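Please look over these notes with the structure open. They cover the domain layout, the contact between domains and one sheet.

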Amino acid sequence: MTDEKCRVLEHVDVGGGYRRLVLNAPNIVSNVEAGQFVHVRVPGLDESSLRRPFSVFNAQDDRLFLLYKEVGRGTRVLGLVKEGDEVMVLGPLGHGFPLECKGAALLVGGGYGVAPLYLLARSLLARNVGPVKLFAGGRSQADLLAIDAFRELGVEVFLATNDGSVGEKGLVTLPLDAEIAKLKGASQDFEIFACGPDPMLKAVAERALSANAKGWISMDRHMICGVGACYACIQKTVRGNSRCCIEGPVFAAGDLVWE
Amino acid sequence: MVDVSVNIGGLKMPTFLATASGTFGYGFEYVGAVDYSKLGAVTAKGIRMEMWPGNPMPRHAEVPGGLVNAIGLQGTGVEHFLDITVPWYRSCVPSVPLIANIWGDSIESYARVAEKMGSAVDALEMNVSCPNVKAGGHTFGQDPNVLFEVVSAVRKATKLPLFVKLAPNVPSITPYVKACEDGGADALSLINTIPAMVIDIEKRRPVLANISGGLSGRCVHPVAVKMVYEAKKVTCLPILAMGGVYDAKDAIELMLAGATAVAVGTSIFTDPGVISSVYDGVVDYCERHGFAAVRDLTGALENSFI
């Protein structure tokens with residue numbers, strides 16, 4: 001873990017209120033694992049504002065890619081950062097996804113929850129595990145992010161939108177359930193990896209458990225320190241109050257206690 | 001070369017700079033992001049006898065100039081602390097003294113945890129801002145008589161340098177300082193967080209599950225300066241000052257007001273580099289102003305208006 005001063009290489013609007021931020025971060029890039037996150041000091045926020053945590057979308061050739069949505073003051077001000085600016089980035093942080101996947105890897109992302117799944121897909125494919133399949137859901141077509149990038153990796157993609165603007169009309173669990181049924185029918189092993197809003201994660205975790213498959217759930221929580229020091233980002237688990245930033249953000253589906 | 005070491009109530013700190021309890025975990029979490037050679041002590045997160053789950057979520061709210069938290073002192077209990085946490089801290093951070101922050105829900109439980117600590121840590125700091133179960137939830141630090149009793153009980157249970165961390169929300173600090181002196185404290189820690197509350201107007205609900213919490217960060221700094229100044233006027237006990245230290249100027253203000261050592265806290269969350277920048281800035285200030293030792297800053301306030 002280092003607090004790295006990173007130059008902004010690219011910062012672009014990718015539509016729908018989402019942005020891609022590319023930083024020069026050789027230290028973080030050389031250590032990051034899929035599912036880990038970074039804690040960003042947003043330039044332009046006053047000095048007592050907290051850092052903001054972001055999943056690592058991709059890490060390649062010294063470049064750290066973040067994909068985020070404007071959801072509040074921090075991400076709004078982060079949007080003003082320009083190419084050439086310097087940003088302090090603490091990372092890599094947390095426990096990511098395990099990569100010893102047996103059978104098919106079903107990646108489930110809701111909205112910007114696909115962010116940690118891209119590096120995961122790359123990492124799984126690099127280990128020759130899989131096949132890797134992505135199930136991406138969102139309110140509308142604009143909420144389905146980086147789909148082409150997943151396809152370019154050779155990931156089979158299944159889409160669902162609430163308004164039916166692309167893919168199946170409804171929740172991402174529709175195509176996921178169909179695939180689970182198919183794999184179970186063929187007695188094939190699979191594991192589920194998910195990131196997105198809590199209701200989606202709960203639904204996905206339940207499916208992993210009832211299918212007796214491994215499920216790896218990445219939780220999104222407001223954080224203060226990002227390193228396990230403050231105990232603000234608590235998720236209830238079978239072990240008690242666990243810290244998302246260090247015991248997570250990825251938890252085994254069976255360890256999570258939903259409230 | 002400016003002498004940066006200080007002795008505060010018998011605790012020899014290699015530098016004048018500490019971390020505040022609750023903001024730095026158990027001391028090892030920031031390895032890689034912090035220059036530990038600039039720290040004179042780490043104050044660990046609060047520990048009591050038994051495991052404690054802390055408060056429900058949400059536990060914090062960001063406010064202009066600061067942070068309101070109601071973490072609720074989640075911790076593993078003293079046995080785990082002594083068996084696992086302290087040895088791990090010593091192996092990760094071999095050269096920085098460790099102050100254990102302790103708390104309880106009765107006078108006896110304070111004394112028991114202090115006794116249990118033995119000499120495994122380098123000093124104890126009492127958090128007296130937690131509810132006394134036997135007194136209907138009033139905090140120990142609210143009543144000078146109760147404060148005297150709990151400090152006395154802990155004093156009898158430990159030979160370690162004993163710090164008492166006082167709350168700023170009192171009409172006058174004097175009776176509390178006296179209670180600590182009479183109870184046998186070696187030093188004071190000033191200030192704890194300030195009671196605060198944040199409301200989500202859309203939901204018409206408190207933001208924190210605990211309803212209220214403690215305010216820390218940039219905005220509390222002038223409160224800390226005033227409390228240190230007031231305390232120093234009435235006591236010879238050395239003061240470890242904390243409260244909104246974001247740069248060297250903040251630390252120097254606290255020392256001029258009477259602090260022997262200074263802790264950074266909430267500022268670490270935004271910038272772990274604050275430990276280096278505060279240290280470097282204080283040393284630079286001493287060089288520029290001809291102070292041979294950082295300890296010469298303590299109480300070196302000119303009363304120019306008199």
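1. The domain assignment splits chain A in two: domain 1 spans 2–93 and domain 2 spans 104–255. Bear in mind that this is a predicted model.

2. How far apart are the C-alpha centres of domain 1 and domain 2 of chain A? The separation is 21 Å. The contact draws on 21 residues from domain 1 of chain A and 21 residues from domain 2 of chain A.

3. Next, the domain 1 side of that contact. Six strands of chain A each supply at least two residues to the side of domain 1 that touches domain 2: strand 1 (2–15), strand 3 (37–41), strand 4 (52–55), strand 5 (58–60), strand 6 (63–69) and strand 7 (86–93). Strand 6 of chain A gives the most, with three residues.

4. What is the make-up of the side of domain 1 of chain A that touches domain 2 of chain A? Its residues comprise 13 nonpolar, six polar and two charged.

5. Now the sheet. Seven strands of chain A form an open sheet, in the order 11-10-9-8-12-13-16. The pairing is mixed. Strand 11 (168–169) and strand 16 (250–252) of chain A are the edge strands, and each pairs on one side only.

6. One pair within this order can be checked by eye. Strand 8 (residues 104–110) and strand 9 (residues 132–138) of chain A run parallel. Six bridges join strand 8 to strand 9. For register, use A:Leu106, which stands opposite A:Lys133 in strand 9 of chain A.

Notes. Residues numbered from 1 in each chain as written. Chains lettered and ligands numbered in written order. Predicted model: local features only at pLDDT ≥ 70, side-chain atom pairs only at ≥ 80, totals over all residues. Pairing = 2+ DSSP bridges. Helix = DSSP H or I, 4+ residues; strand = E, 2+ residues; numbered from the N terminus. Domains from an automatic or database assignment. Contact = placed C-beta atoms within 7 Å. Nonpolar A, V, L, I, M, F, W, Y, C, P; charged D, E, K, R; others polar.
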